[in-house]
Amino acid sequence: MANLIITHADWLITVDGNRRIFCDGAIAIDAGKIVAVGKTNAVLANQQAERVVNATGKMVLPGFINAHAHNTQQLARGLANDCHIHEWLYGRVYPFEDSLSSEEALLSAQLCQLEMIKSGTTCFVDPGNHFPDEVARAVTQSGMRCVLTRSTMDIHNNPRGDLPRTRFRESTDEAVARLDDVIDRLNEGAGGRIRASASLRNLYTASDRLVTQVKALADRHKTFIQAHVAGDHSGQVASLARYGCRDVERIYRLGVLDDRWLLVHMNWISPRELDLLAASKAKVAHCPGAGVKGGWGTFSHGRFPEMIERGICVCLGTDSGPSGNFMDLTRAMYLAACGFKDSRMQAAIVPSEGAVEMATVNGARAALWDDSIGSIEVGKKADVCLWDLNRAEWRPIVNPTGNLVYSADGSSVDTVIVDGNILMEGGVIKMLDEKALLREATPVARRIAERAGVAHHGKPAWPVE
Amino acid sequence: MKSDPTKPSAPPVIDLLIVDADWLVTMDERRRLIRRGAIAVDKDRIVAVGKTTEVEARYSARRTIQAKDKVVLPALINTHLHHTQQLARGMADECEIERWLVERIYPYEAAMTKEEARISALAGHLDMIKNGTATYIDPGGYYPDETAQVTGETGLRGIITRSTLDIHTSTYGAIPKNLTSEDTKEALKEGEETVKRWHKAFGGRLRAWFGLRSMRNCSDNLCRGVKELADQYGVGIEAHVLGSHPNIWASISRFGCTDVERLDRLGVLGPNWLMVHMGWVSPHEVHLLRQYDIKISQCPAASMHGSSGRSYHGAFTEMVQLGVCVSIGSDSGPEGNFNDMVRNMYLASCTAKDQQLDPELMPATTILEMAFINGARAALWEDEIGSLEAGKKADIVLFDTQKPEWQPLHDPVSTFVYSATGASADTLIVDGRIIMEERRVLTMDEEAVLKESQAVAESLVQRAGLERLSAPRWPVF
């Protein structure tokens, strides 16, 4: 007997190898895994369950995988709008992160995960910070799945600014040792829902020795390495000034470029770098929300359609509260699908199906977790979401992937299941105290901002009475 | 009994008080933001705006709405929305404008019956209400009466038109005869009839204008005739202008110049034009737009979905900085694909930043001015809507901030534009009447409208011959 059967879904989008879609679809879930997928009558003929959820009027999708989600920046939302990246990092976000206590980091991660669950994300990849333990604690509570890490930097001064003279400043050896410890302690936590990877915060703040040592560490732990690369044009200029070559080229020259990199942003990539990516099969996390709000030229200068054409695995991320400003991966899919339509004036570029693949199966590949998540298939983990289709932005439906990408946003997510456990049902969060978390957010954020000396950046431009 | 002059007289009784708003975004001349704000409403108008303690002391209300944890804004103004296309959502994804029109939308519009147009208008209204929009400007289709009647029922505010054209072929292709085959005289007559029938209907909530479907399909005589009539009735003119790059060549090949220049040569430019899209303006045209105070509707989502290139090749930032009145619209179900003004505002801001590699451009404050101040001006209705001020119409929306995307909240203006979507619209008031309360729509049967929308679309997609073209590409079992 299965634990749970979801029946009568108007549309069941499997994103399996054949990309099958079922009308009147059903899934049976047992012990956290999917045990049957198909038409409702076929599934019910062979399965019985303790609980049956009728999904009439709903769409069932694999849970989204957010390939770039800074959990500990969530409380900095609103403090770093309308500014260039050097100011964004060195004037706003680094000082903010530097002022976080561990309790505040936990609240930040809880709020971030709350927003992700509410908009249909079941798994995220966090690029790391100084509080991986708090992110892990929040995941243990929220029920999500994640890859977390501790990010590393060993170059403390660069043309963009100087790092705060605190925990941000680590030697190469300290950074590597601390990351090693984090992976040792946190990998395979929360019943296997937590995995740990390696991470470089940025290429231009990483010495050659740090790049090679962190990569060696990742290899030793059989995991991948994340890095922010080529987000905006000035980042490329900084790398060229210091190393005489662009970031991907540099990783290649160091002899460590392979398919276990998750390169984040990647808006400024040369044709030569495209070749290197295609040959190495390194993965790319496209964060369109961060790019457009930051004015980084994601769609005016990015080459994501070319990456997809070359077979490079492009997945999707939202980035963070002060960067992309929302954690809704549906909105990221919309941007990924529509940005190049406008900038290139090509209507069929990045079709809706392509955007869905980025948010599901490609995210799973990037997280090296595609054996267990990313699609609705027998034997995979039961990470699925139910979407309410009886809403104004969804009707009429003639093609569900089209409406999902072009019309909906994450607010129509109704039910979220991870590892077979229901995290949200009918829009109600089960594992976290949503109301209490939301109440704490603004006062706590204000306190941190004041401590960090950045509170004035959040003030409205118009007179307040 | 004599009144005692030492005792204060009883406060006047009004219809509605909204109190304790976490933030009240007034959009008044000083752009005041009021903490713990309140609005007093009597009949269809705002009678006072201020701090809750002050406003509460001055009035006694028949009804009070508690707006704690809410951001209160003027209700949104959508300056471009095709009601009759609402049910074509999903029928024209991923095709360029020529195919979008000739292969998909013209057949869909030609197949549509009056009753279906009514359902389509209801669905469009519902999509607006749920996102906090009170006022729309519809560029017209061939069923303006149905849209008008729906506005009468649902309580929204709107401007309708009957779109007209008198040239039936262009480089884009031919317009089907069963859609329209009218000549100049007939087009002008139909347009005028619509204005006569509906202008200032429903206690003034509805207005009716003239409309040109697309400049390449409109003769010089039609342009002159429409301008003359619009001036005579004191109304505006809507026209799709410079929506996509091929438009320029369609106009140049027929008329020898691009659209705005052509209208200038005809001597018909003036402040009652609302030009929609405007992605491909020349510097000279920008100059003309400013000189004549012409109103613009930018539809960013329509450009993105429609691959029109207006966001990444247009000059909206320049127009805004030069003082051209640029407002924001959502367009339609198959172009833009959602009627959420908040997401359109986000796109208007962020695509400009991305286009010009400058995050400082088009900040949230500018975007709110485009949506509200310019939106009201584009509708030629700025005396009554677009801000929360005593004397203006009571068109008010409450957004719920107890949502993860709204927190933490330091500045309601930037959080609204960069983080929120219309899905957090909680309560909508139009003309003093509560249209939606805590997301429950009070003036239509939401469930029935959604059901009928689906049924009508399933029938239309077949009758218009679009079933195969719009079906999912992944295999369906």
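The legends below describe close-up views of a predicted model.

**View 1. Helix α5 of chain A and its buried residues.**
Helix α5(A) runs over residues 172-186, which makes 15 residues. From first C-alpha to last, the helix reaches 21 Å, close to the 21 Å expected at 1.5 Å a residue. The buried residues of α5(A) are A:T172, A:A175, A:V176, A:L179, A:V182, A:I183 and A:L186. They lie on the same side of α5(A) because they cover an arc of only 125° around the axis. Just after the helix, A:E188 has a positive phi of about 65°.

**View 2. The surroundings of α5(A) in chain A.**
Which elements cover the buried residues of α5(A)? Among them are two helices of chain A, α4 (132-142) and α6 (208-220). The cover also includes the strands β8 (145-148), β11 (194-196) and β12 (198-202) of chain A.

**View 3. The largest nonpolar core, with B:M275.**
This core has 262 residues. The residues with the most contacts inside it are A:W261, B:M275 and B:L368. Leaving aside residues up to four places away in sequence, B:M275 touches B:A239, B:V241, B:V260, B:L263, B:L269, B:L289, B:I294, B:K295, B:I296 and B:S297. Another core, of 30 residues, lies apart from the largest one. Its members include A:C83, A:I85, A:Y90 and A:A364. In soluble globular proteins, nonpolar side chains tend to be buried together.

**View 4. Two cysteines, A:C23 and B:C218, neither in a disulfide.**
The count of disulfides over all chains is zero, with a cut-off of 2.5 Å between cysteine sulfur atoms. For A:C23, the nearest cysteine sulfur is that of A:C385, 19 Å away. A:C23 is partly exposed, at a relative accessible area of 23%. For B:C218, the nearest cysteine sulfur belongs to B:C223 and is 5.5 Å away. B:C218 counts as buried, with 0% relative accessibility.

**View 5. The interface between chain A and chain B.**
Here 89 residues of chain B are in contact with 89 residues of chain A. The two chains bury about 7100 Å² between them. Of this area, 59% is on carbon and sulfur atoms. B:H410, B:W474 and B:F477 supply 12% of the area that chain B buries against chain A, more than any other three residues.

Methods. Residues numbered from 1 in each chain as written. Chains lettered and ligands numbered in written order. Predicted model: local features only at pLDDT ≥ 70, side-chain atom pairs only at ≥ 80, totals over all residues. Heavy atoms only, no water. Helix = DSSP H or I, 4+ residues; strand = E, 2+ residues; numbered from the N terminus. Expected span 1.5 Å × (residues − 1). Buried < 20%, exposed > 50% of the residue type's maximum accessible area, 1.4 Å probe, protein only. Arc of directions from axis to C-beta. Contact = heavy atoms within 4.5 Å. Core = buried A, V, L, I, M, F, W, Y, C linked by side-chain atoms within 4.5 Å. Buried area = accessible area lost by both parts, 1.4 Å probe.
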